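The following exercises concern a protein structure and its surfaces. Please work through each task with the sequence and the coordinates open, and then compare your reasoning with the solution.

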Amino acid sequence: MFWFKKLLPRIIFGIAIALIIASVFATQYGVKTYSSWSIGYNGKSAPAILAAIVPTGSGIAKINITGVSQALYMNLTGNPLTLLGEAGGLGLKTVNTISHDDFQTGVYFVVTGLQGNPITAEQAFQGLVKNAQKIGNSFIVKKSVNPEESIVVLAFPNSSTVLINENFKVTGYGHISLVFGIELGIALIVFAILLDVIMRRSH
Amino acid sequence: MAAKRSWELILIDLWDSLRPPSFDIMLILVATLSGILSVLEPVTTPPAVANAVLGAVLFVTSLYLALRASSDLVNLVQTGVMPLYLTYPISRRVTSLIIYLTRVFLPSLILLGIPAIVSGIMLYPVVGKNIGEFLIMWIAYLIQAQLYGSIFILASNKTKSTGTSAVISITGYFGYTATSVILALIGSIDNIGILNKIANSMGFYNVLYDMLTGISTPLWEILVVPIIFLALFITYIIYFTRRFEP
């Protein structure tokens with residue numbers, strides 16, 4: 001911007017251009033605040049099923065499981081996938097892992113089978129877990145999570161197909177609106193030009 | 001009088017260090033990229049906004065510093081501008097501080113400050129929750145940039161060759177960041193806690209992020225980056241004051 005002679009107008013001009021481009025981008029390709037994922041899992045493949053939601057931000061996580069006899073849940077700090085590695089030490093093995101990630105919502109959904117003794121699985125998680133609420137045929141867990149936290153549900157299938165629905169709604173996020181971004185950008189460009197003229201005159 | 005002369009030297013060297021159009025291109029680029037990065041994934045706390053945006057900006061800032069504070073500074077020596085700077089009636093220590101200010105501190109302040117302003121405006125409902133935490137994270141990134149900048153400026157003063165100082169600067173930067181990644185990798189594969197902690201402590205922003213999000217952090221982790229920076233910075237001042245021959 002060689003036509004600007006002073007540093008401050010150059011900086012303000014740069015900010016203005018950035019605000020306009022970024023607010024247009026945010027409207028077209030920006031963050032989504034809701035994501036949902038459903039699968040039917042083969043209930044015969046493993047004695048226990050572990051379903052987890054791992055978000056990057058805060059929000060409300062909801063897991064709905066049908067076709068199981070019992071469901072336990074817990075909030076975890078950190079990544080539950082590392083916990084699964086440690087579960088190997090208890091003779092538990094993860095099989096048939098299915099996952100789905102949604103970058104725009106910043107969430108990672110995962111469902112995995114736990115092979116081994118299901119009683120060990122239950123004992124391994126006991127003390128930390130609570131029972132999920134049962135509504136009709138399905139178990140529902142709905143919890144709000146903070147960043148660096150995730151939610152894990154351990155379920156014991158009693159039918160050949162287990163239906164799992166996981167969804168996540170981002171809370172506490174907001175960005176500048178398109179109109180405000182463009183207006184602010186244009187106002188800053190005008191201000192930068194005026195400031196440059198005034199600063200040049202005063203010399 | 002010395003203060004006035006120092007101010008003149010700051011303005012002259014700052015004009016060279018921030019001269020258009022390269023700085024302006026860089027400025028628009030980092031500002032726009034940071035605006036876009038801030039709306040790519042949902043970040044819901046101020047420290048997370050800082051990490052999402054400033055991590056990438058720090059990389060760009062480091063490359064800019066590697067050119068301006070390192071190979072460009074050697075140009076000053078080779079074109080005879082540095083001897084001219086040294087004829088100013090101010091002490092060498094003040095001159096060395098001025099060069100650090102105009103070549104490392106102010107460019108990094110601007111290049112990291114503008115993305116912080118842009119992402120702060122873009123995500124004002126999130127950043128507004130706790131501006132203090134956002135500022136702490138920003139300062140952490142600024143201190144990290146000073147660490148890289150002092151490697152660069154020391155390399156250029158010592159070698160006085162454009163190519164050599166650029167190569168040393170970029171390998172120094174790459175070596176530092178790659179070491180941190182490798183330590184973290186070995187630490188996580190073999191489950192060695194101390195390696196993870198060392199890797200974590202090599203990024204000042206990691207340590208402050210952990211502290212702000214309530215993850216327990218040993219005291220020494222906070223000191224690693226500031227101590228390395230101060231050691232390099234003091235070495236640079238002493239070298240420039242006592243040994244440097246333009």
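**Exercise 1.** Which residues form a nonpolar patch on the surface, and what is their accessible area together?

*Solution.* The model is a predicted one. Step one is to list the members: Ile182(B), Ile186(B), Ile192(B), Ile194(B), Ile198(B) and Trp220(B) make up the patch. Step two is the area: together these residues have about 480 Å² accessible. Step three is to place them on the helices. At least two residues of the patch come from each of α8 (162-189) and α9 (193-201) of chain B. Trp220(B), in turn, lies in helix α11 (residues 219-242) of chain B.

**Exercise 2.** Describe the extent of the contact between chain A and chain B, and its polar component.

*Solution.* Begin with the participants: chain A brings 34 residues to the contact and chain B brings 32 residues. Next, consider the area: the two chains bury about 2800 Å² between them, with 75% of this on carbon and sulfur atoms. Then turn to the polar component: six residue pairs are in polar contact between chain A and chain B, counting pairs with both residues at pLDDT 80 or more. The salt-bridge count between the chains is one. Its partners are Arg10(A) and Asp24(B), whose closest N and O atoms are 2.8 Å apart.

**Exercise 3.** Characterise the side of chain A that touches chain B.

*Solution.* First, identify the main contributor: helix α1 (residues 7-29) of chain A gives the most to this side, with 14 residues. Second, classify the residues of this side: 19 are nonpolar, 13 are polar and two are charged.

How values were computed
Residues numbered from 1 in each chain as written. Chains lettered and ligands numbered in written order. Predicted model: local features only at pLDDT ≥ 70, side-chain atom pairs only at ≥ 80, totals over all residues. Heavy atoms only, no water. Contact = heavy atoms within 4.5 Å. Buried area = accessible area lost by both parts, 1.4 Å probe. Salt bridge = Lys/Arg side-chain N within 4 Å of Asp/Glu carboxyl O. Polar contact = N/O pair within 3.5 Å; in protein donor to acceptor, adjacent residues only side chain to side chain. Helix = DSSP H or I, 4+ residues; strand = E, 2+ residues; numbered from the N terminus. Nonpolar A, V, L, I, M, F, W, Y, C, P; charged D, E, K, R; others polar. Patch = residues over 30% accessible without salt bridge, like charges linked within 9 Å, V, L, I, M, F, W, Y side chains within 5 Å. Areas by Shrake-Rupley, 256 points an atom, 1.4 Å probe, with all protein chains shown as cover.
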